[in-house]
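Hi everyone, thanks for making time. I'd like to walk you through one model today, starting with its cysteines and ending at its surface.

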Amino acid sequence: MGGLLCFARGCWLLWVWVACWGVGLVASEGLDGLRNICTAHFEPLVNCEAQDGEEPRGYHISLFKMVASEFNLTGYEFKCLPFGEMMDDLLAGGAECDIGIGGITLTSERMRRGIHFSFPTYRGSLGILVKGKVRKGATWSFLQPLHWTLWAAIAATSLVIPIIVFFTESFSCHGFIHRRDLSRGLKQAIWDSFITLLNFGSFTVKSGEARLIVIGYGFLVLILVNTYVANLAAFLTITNIDSSIKSLKDLFGKRVAAGAVYERRLLSNRISVTANFTSAMKDEVVEDFLRGDEVDAVIYDEPWITHKAGMDCGLFTLSETVSRFDYAFALPNQSKALEESISKELIGLQEIGQMSKLALEFIQPTISDCAVADEVSETESVDFNQLKGLWIILASCVVASMGILFVKWASVFSLSQQTQQHNSIRELKRLETIVETVYHPHTVKLHAAESVRATNVKMTPRSARQSDLESINRSSTARQSNLESINSVGSVVTSQGSTVQSEKDWERALDRCREDFDGQMHDIREFLEIIVSRFSQTSIRMST
């Protein structure tokens with residue numbers, strides 16, 4: 001019984017070994033069938049322009065050699081054919097080509113026509129090649145970190161905000177603007193605005209409404225200054241490209257040359273092509289069209305575009321690309337097993353990073369004298385749209401300040417509906433607590449004089465003024481009666497003739513006349529002072 005069990009176990013192991021050997025034999029026979037490796041010249045994937053006796057070289061050539069080495073495949077030969085001839089042979093079943101490599105894109109049309117594709121060997125797209133030069137410093141380079149729209153917004157804000165602050169401070173603290181303070185106050189406010197912008201000073205305001213606006217303006221200045229400093233450092237330390245085309249949107253209205261097979265694809269992306277070319281003409285297009293200023297940009301396969309820019313210091317690629325697609329190895333029909341074997345090996349090479357190393361070696365080479373790719377930056381000026389949120393915050397502060405000021409004035413207007421006595425008391429209290437603001441020296445002086453005048457006069461109402469006038473009239477009437485009695489005495493003395501008054505009587509009469517005259521002059525001066533003070537108060541209110 002044990003012998004039978006051992007025999008069965010041994011048969012099972014033998015069966016597993018035979019199965020594995022059979023699969024390996026099938027796979028080996030499939031790869032051994034690869035003898036004619038067809039390719040077409042398409043730098044940097046394949047370079048067939050090698051010297052006599054040398055094999056083609058390039059990204060796809062090296063990648064296929066890695067796959068072949070994993071299967072110990074030998075005895076194969078690379079054949080350089082025109083691209084169209086190679087594709088025709090693969091579509092016809094592979095009479096001359098066992099496999100096709102080099103710039104073959106994976107498309108549904110080719111799959112429908114019977115071509116089998118391996119796992120993608122390179123993720124590509126349509127690259128954009130432009131002519132440019134490395135930007136160097138200039139006299140006005142310090143203005144480049146900010147776009148002209150942002151500079152214009154800053155200039156307008158630095159002029160408008162001080163005007164708003166001045167008027168807000170005026171009406172909040174004083175209720176009016178003295179005409180002699182208008183020019184001086186605005187100049188001082190604008191000066192404060194510019195020194196705030198340069199971090200040399202700040203606004204000097206006393207009212208809460210004006211301070212709210214100044215806080216919003218200060219926050220805007222803080223962000224702008226830091227943004228300018230950061231972007232200025234980038235402009236001065238990072239190599240930049242000076243070109244009229246920096247993104248896809250800049251292609252609109254430009255002269256664009258592209259591969260003829262890609263014209264329809266570009267039109268679907270709203271890019272109009274002014275000149276097209278075939279694969280064989282692509283090198284001449286760069287020399288004749290782009291350098292000859294006949295076109296502004298060339299669009300073609302990204303590997304070729306990247307390789308071309310890396311070998312020429314005057315050419316650059318945009319970071320944006322169009323219409324992504326994949327490159328792959330192409331096999332004729334009836335090669336399903338071979339396709340799976342190659343794809344598995346390609347996946348393994350991708351996982352260990354071999355594809356990336358080959359791409360750096362063949363697709364992205366650079367001339368040592370040129371700017372290295374990672375040193376080239378498309379640093380752009382910061383425009384107004386990127387920072388317009390700061391102006392929204394500032395506008396919110398202004399609106400909130402105006403709302404607070406409106407509420408304050410509405411409350412003052414409601415109080416003005418009360419009696420004249422209450423108004424006088426409120427006015428006297430306001431004058432005693434007047435705020436000394438920087439922008440209103442004449443207004444402050446006027447308030448001080450008004451306060452003194454109000455303290456002396458005590459802001460008397462109409463009834464008090466009427467009683468003053470009546471008392472003056474009564475005293476004047478009394479003095480007039482005294483004068484009349486003196487005149488009557490003089491007339492009696494004159495009519496009698498013989499009656500002679502003593503000298504003391506005449507002196508007493510003259511003293512009474514002098515007293516009456518001085519009293520009348522005093523009453524007149526008091527009356528004039530009252531009239532002048534009331535006239536001054538009326539003119540002050542009219543001026544406000």
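Before we look around, one cut-off: buried means under 20% relative accessible area, exposed means over 50%, and partly exposed is what lies in between. And please keep in mind that this is a predicted model.

So, how many disulfides does a search of the whole structure find? Two.

Let's take Cys-48 and Cys-80, which are joined with an S to S distance of 2.1 Å. The torsion about their S-S bond is -85°, a left-handed link. This pair ties together distant parts of the chain, 32 residues apart: Cys-48 sits in the loop between strand 1 and helix 2, and Cys-80 in strand 2. Are these two buried or exposed? Cys-80 has a relative accessible area of 37%, so it counts as partly exposed. Cys-48, at 22%, is partly exposed too.

The other disulfide joins Cys-38 to Cys-97, at 2.0 Å from S to S. Its torsion is about -90°, so this one is left-handed. Here the partners are 59 residues apart, with Cys-38 in strand 1 and Cys-97 in the loop between helix 3 and strand 3. Both Cys-38 and Cys-97 are buried.

One further cysteine: Cys-397 has 13% relative accessibility, so it counts as buried.

Now to the surface. Ile-163, Phe-167, Phe-171, Leu-182 and Trp-409 make up a nonpolar patch with about 400 Å² of accessible area together. Helix 5, residues 148-173, supplies the largest share, three residues. Trp-409 belongs to helix 13, and its relative accessible area of 39% makes it partly exposed.

That's my tour, and I'm happy to take questions.

Conventions:
Residues are numbered from 1 along each chain as its sequence is written. This is a predicted model: local features need pLDDT of at least 70, side-chain atom pairs count only at pLDDT 80 or more; totals for chains, interfaces and linings use all residues. Side-chain values use heavy atoms; hydrogens and water are left out. Patches are made of residues with over 30% relative accessible area and no salt bridge: like charges are joined within 9 Å, nonpolar side chains (Val, Leu, Ile, Met, Phe, Trp, Tyr) within 5 Å. Accessible areas come from the Shrake-Rupley method with a 1.4 Å probe; for residues, only the protein chains shown count as cover. A salt bridge is a side-chain nitrogen of Lys or Arg within 4 Å of a carboxyl oxygen of Asp or Glu. Helices (H or I, at least four residues) and strands (E, at least two) are DSSP runs, numbered from the N terminus. Buried means under 20% relative accessible area, exposed over 50%, partly exposed in between (1.4 Å probe, protein chains only). A disulfide is a pair of cysteine sulfur atoms within 2.5 Å.
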